Amino acid sequence: KLVPRKDDDFVLGSVQYGKGWNIICISDSMNATSSGYDPTALFPNASSNAFAYEGGYQKKTVLENRIGYWLKFPSDQVFHLVGGPHLRDTMFVNPGWNLVGAISLPVAVSTFTHYYPSDLNLSSFFGYSGKYEMANILYPFKGYWVKANKAGYFIESYYATGLEQASGTGLQLSACNSLTITDRNGNSQDLYFTEDPAGHIRVADYELPPAAPEVSAFDARFA
């Protein structure tokens, strides 16, 4: 007789990725954590290599927690991944743009705590679902862009309630004018513009991250 396991250290996570490029991450603690995770085993239907960002894109054959990766799929995909819950982690960043991962449950950016060093300054977070969008909540198995002014770290924790966010100007994009660029394949990007006569908006917080690894991928941004 088989009895389904119900231990708290064992979870089944489902994630859906769209056709084309996605930013993925490993949110749970799975087997072989000491040697990393094989992307071809976890995502056998992927149509590209996995790419991390280290000042430029680097092909990776082993995936790690805490890091976001670009991965391309030929069609919409649903994956069921088995592992232990990963509810708190330290995210390390380098100066410039970084691809960071997420923990096993949704977590609000406003609850990120323990920035080090104390003058570490982070931009807005950006997710990708066919286009870049600012993210106030980071979701499991998704990767996100963030730009840092220097090397350091911050902590993502499901248990955190602090409001020690080191970035953000309080600008509401809904109050801005917007321009949507769309190509014939349905790819689109929203671009925002507004007045700032007092110079209160820190424009660097809203700079779009680098484009996808593929040169032919859709991209629209201000220059």
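Good morning, colleagues. Of the 223 residues in the protein chain before you, 41% count as buried. I should say at once that this is a predicted model. The accessible surface of the chain amounts to about 12,400 Å², and carbon and sulfur atoms contribute 51% of that area.

As to secondary structure, the protein chain holds 1 helix and 17 strands. Contacts also reach across the sequence: taking those between residues at least 6 apart, 75% join residues at least 24 apart.

I now turn to one sheet. It is open, consists of 3 strands in the order β7-β15-β10, and is paired in the antiparallel sense. Its edge strands are β7, residues 88-93, and β10, residues 113-116, each of which pairs on one side only. On average, neighbouring strands of this sheet are turned by 20 degrees against each other, with direction ignored.

Let us take the two pairings in turn. Strand β7 runs antiparallel to β15, and 6 bridges join them. In this pairing, Met91 stands opposite Phe154 of β15. On the other edge, β10 pairs with β15, residues 152-157, over 2 bridges, again in the antiparallel sense. There, Tyr116 is placed opposite Tyr153 of β15.

Finally, which side chains along β7 point to one face and are buried? They are Asp89, Met91 and Val93. Arg88, Thr90 and Phe92 alternate with them, point to the other face and are not buried. Met91 therefore deserves a second look on the screen: under the 20% limit of relative accessible area that defines burial, this residue of β7 counts as buried, and its partner across the pairing is Phe154. Thank you.

How values were computed
Residues numbered from 1 in each chain as written. Predicted model: local features only at pLDDT ≥ 70, side-chain atom pairs only at ≥ 80, totals over all residues. Heavy atoms only, no water. Pairing = 2+ DSSP bridges. Helix = DSSP H or I, 4+ residues; strand = E, 2+ residues; numbered from the N terminus. Axes fitted to C-alpha atoms, helices over the stretch in contact; angles between N-to-C directions. Buried < 20%, exposed > 50% of the residue type's maximum accessible area, 1.4 Å probe, protein only. Contact = heavy atoms within 4.5 Å. Areas by Shrake-Rupley, 256 points an atom, 1.4 Å probe, with all protein chains shown as cover.
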